[in-house]
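Here is a friendly walk through some ring contacts, a few single residues and a pocket. Have the viewer open beside the text as you read.

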Amino acid sequence: MDRFLSRLFRLVAWAPLLLPAALLAAQTLPALDSRALWFSDEIRYANVFENVVHGGKWLVMYLNGVPYPDKPPVYFWFLSTLLPVYKAATPALFMAGAALSALLLLTATLALSRMVARAGREASLGAGLVLVSCFYFIGLAHYSRMDLLFAALITAAHVCLFRAWSRERATGWAVAGFLLAGVATLTKGPLGLALPLAASLGYLAWTGNLRRLLRRDVAVGLGLCLGLLGAWVLAAWLGGERELVEDIFYKQIYRRAVNASHHEQPFWHYLATLPAAWLPWTLVLPALPLGLLARAGFWRGLWQGRRAEEGRGTAYLWSMALTGFVLLSALSTKIIVYLLPLFPALAVLTAKALAGLDQRRTRRLWLLLCGLFAVLAVALPLGNMLHPWPDFEVAGLWWMALASALAAALMWWAARGLGPASGLLVAALAVTAWVQPLVLVTLPSLDAVMSPRAQAGLMGEYADEGYIPVAYKIYSGVYTYYSGHDVEETQDLERIGAVLAAEPRVVVGMQRRHWDQWTHRPASLHLVHEQWIVDRPYVLAVQDAVAPGGPGAGPGMEAQPAPGAAPEAGGIPGAAPEADAAPGARELPGAASEGNATAVGDDAIPPAAGAQAAPLATPEADAPATGNATAP
């Protein structure tokens, strides 16, 4: 069987992108429209995109009706190319954008293997299979954010710049590399330029060729890159967004680099998270002959051969990985997804290391992968005992456990005689099969606690009826996309009180703990909905009218009990013990006993059926720690 699979591997390697791309398609296409958009990045970026295509905000991004300095525009322009297919800003469009971004990163990784590492077709196929079987990469291919596109552009910049450094003068390659870095910067931020520059400096210093940076083609390329970035900043400035430009340079660049107020982590953070992010291929490390690192001769030979032509591609890959890791660790803000630009280099280096394993070490690797999947097979059914959501059942865990057991059996079989190439092929196929119940059953079941769709849709129903939507101390943009309306967001309870005093009908969203701590809560305000969103419960309350005699009734509403009434029915004040949810209300886990997500009271207005909407602001200091949550 090893001989047959090895021959199949060599046959497929004639078009090394084909099989990894097919596996990526098998992982993503069936699930493009399987779930709602999740808190917090997906719903924010969806509303930003709506402001691009419906509000004409193509140059400066807007969220929830206000300028959004966190992200530049290129990713949203990229998403707009999918509109002829999807027609509207639907969740399927955003999932397709994630899958297409993953394909671009996969393509860039194979270009890195062929044009930088100068690897053959089989080694490049190996790099592609390693990438598409990395758990974290697969997760991001199912999560709508710009990091995959960002990493693809950075990788393409690396390829061009390495080609430039291989010649005494290469204006075309240098210009292409720096312009790609500039476009990457306009996709997510300054790391788009900083990472290629750091890798180039490290590589040229290692090879003793730092003078290469003094050539005119470097000045031309870097000048055009800075000109591109300056043109966008100038256009935003002249367009009247001066405060936004100042915010970008101070808060989004300077503070995130040296004094983060959000996602600040110690310098060793990535030492702990990178091994988890690179699973299952972190397990290659115990299979390597790491004893060589303790030998002086290994390091002496490495130093003496640093200028050898045949090793320069590998040296650049190591420079990408090491300088990128050091640069990211030096920043104050640290999020695991920032590691993604390192993945292409890691994929090529991992495939190269895997191909060099002898039979004994190869068998050890497949046994380690077998053990990993066996642990998952045992642990996954326990998932419903460990999650934080009261009375909520995650679906599909037994299917995932079965898929893990099958993957473990395959890797056990691989350990009985498959070599590096054939075993890698089996591992990639096993991971692709393993991911199917995850993306088709388990992730959609998490909509109830990961997506604000139920509560935001209900807020949108009220807003459609003329209620004023407001929110207190939330992660900005939580309600906007699914409510179909911009929402006034504030951290000032007095402002909430002023709105309630001035408007007869208001709908208010906030975290449950703020509702409970609101000591002077108006008697005219009553709860209609509660839902867990990620790691904490949120509530929705309405005021139907403000009159001397007490709360009146809004359209289609009966008068509601004041919030001072004794708590009943799951702890919601004023709810009758046997009150049924409003017709059509979305019931989420634990509604009956814990109030996880349910419409409260006999007269609650039913939620919107998939209402779509508007823009955001920067994260508030009181936002949940998981504000930048990524795919599991």
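W303 has a relative accessibility of 47% in this predicted model, which means that W303 counts as partly exposed, since that class runs between 20% and 50%. Its ring partner is W206, whose relative accessible area is 29%, so W206 is partly exposed as well. What angle do the planes of W206 and W303 make? The planes stand at 80° and the ring centres lie 5.6 Å apart, so the pair is edge-to-face. The contact links distant parts of the chain, with W206 in helix α11 (residues 191–206) and W303 in helix α15 (residues 296–304), 97 residues apart. W303 has a further neighbour to look at: R306 lies over the face of the W303 ring, at 3.7 Å from the ring centre.

A second charge-over-ring arrangement involves R521, whose charged end sits over the ring of W515, 4.0 Å from the centre of that ring.

Now to the aromatic pairs as a group. How many aromatic pairs are there? The count comes to 21. One of them is formed by Y136 and F343, an edge-to-face pair with 6.3 Å from centre to centre and 65° between the planes. This pair, too, joins distant parts of the chain: Y136 belongs to helix α8 (residues 135–140) and F343 to helix α17 (residues 343–355), with their positions 207 residues apart in the numbering. Y136 has a relative accessible area of 10%, so Y136 is buried. F343 is at 0% relative accessibility and therefore counts as buried. Elsewhere, ring pairs link Y45, Y75, F76 and F78 into a cluster.

The table sets the two edge-to-face pairs described above side by side.

| Ring pair | Centre to centre | Angle between planes |
|---|---|---|
| Y136 and F343 | 6.3 Å | 65° |
| W206 and W303 | 5.6 Å | 80° |

Two single residues come next. S422 lies in helix α21 (residues 420–445). Is S422 buried or exposed? Its relative accessible area is 0%, so S422 is buried. With neighbours within four places in sequence set aside, S422 is in contact with D2, L5 and S6.

T490 is found in strand β4 (residues 488–490). T490 has a relative accessible area of 16%, which is under the 20% cut-off, so T490 counts as buried. Which residues does T490 touch, leaving aside its neighbours within four places in sequence? The contacts are A471, Y472, K473, R495 and I496. For A471, the C-alpha atom is separated from that of T490 by 6.4 Å, although the two residues are 19 apart along the chain. The side chain of T490 also reaches the backbone nitrogen of D492, at 3.0 Å.

Finally, the pocket. The largest pocket has a volume of about 1600 Å³. It is lined by 38 residues, and the closest to its centre are L288, L293, F298, W318 and L349. Which elements give two or more residues to the lining of the largest pocket? They are α11, α14 (269–277), α15, α16 (312–330) and α17. The largest share of that lining, eight residues, comes from α16. Some of these elements have already appeared in the ring pairs: α11 holds W206 and α15 holds W303, while α17 holds F343.

Note on methods:
Residues numbered from 1 in each chain as written. Predicted model: local features only at pLDDT ≥ 70, side-chain atom pairs only at ≥ 80, totals over all residues. Heavy atoms only, no water. Phe/Tyr/Trp six-rings, centres within 6.5 Å; stacked < 30°, edge-to-face > 60°. Helix = DSSP H or I, 4+ residues; strand = E, 2+ residues; numbered from the N terminus. Buried < 20%, exposed > 50% of the residue type's maximum accessible area, 1.4 Å probe, protein only. Lys NZ or Arg CZ within 6 Å of the ring centre and 35° of its normal. Contact = heavy atoms within 4.5 Å. Polar contact = N/O pair within 3.5 Å; in protein donor to acceptor, adjacent residues only side chain to side chain. 1 Å grid on protein atoms, 1.4 Å probe; cavity = no way out; pocket = protein on both sides within 12 Å on 5 of 7 lines; lining within 4 Å. Points joined across faces, edges and corners; volume = space filled by probe spheres on them.
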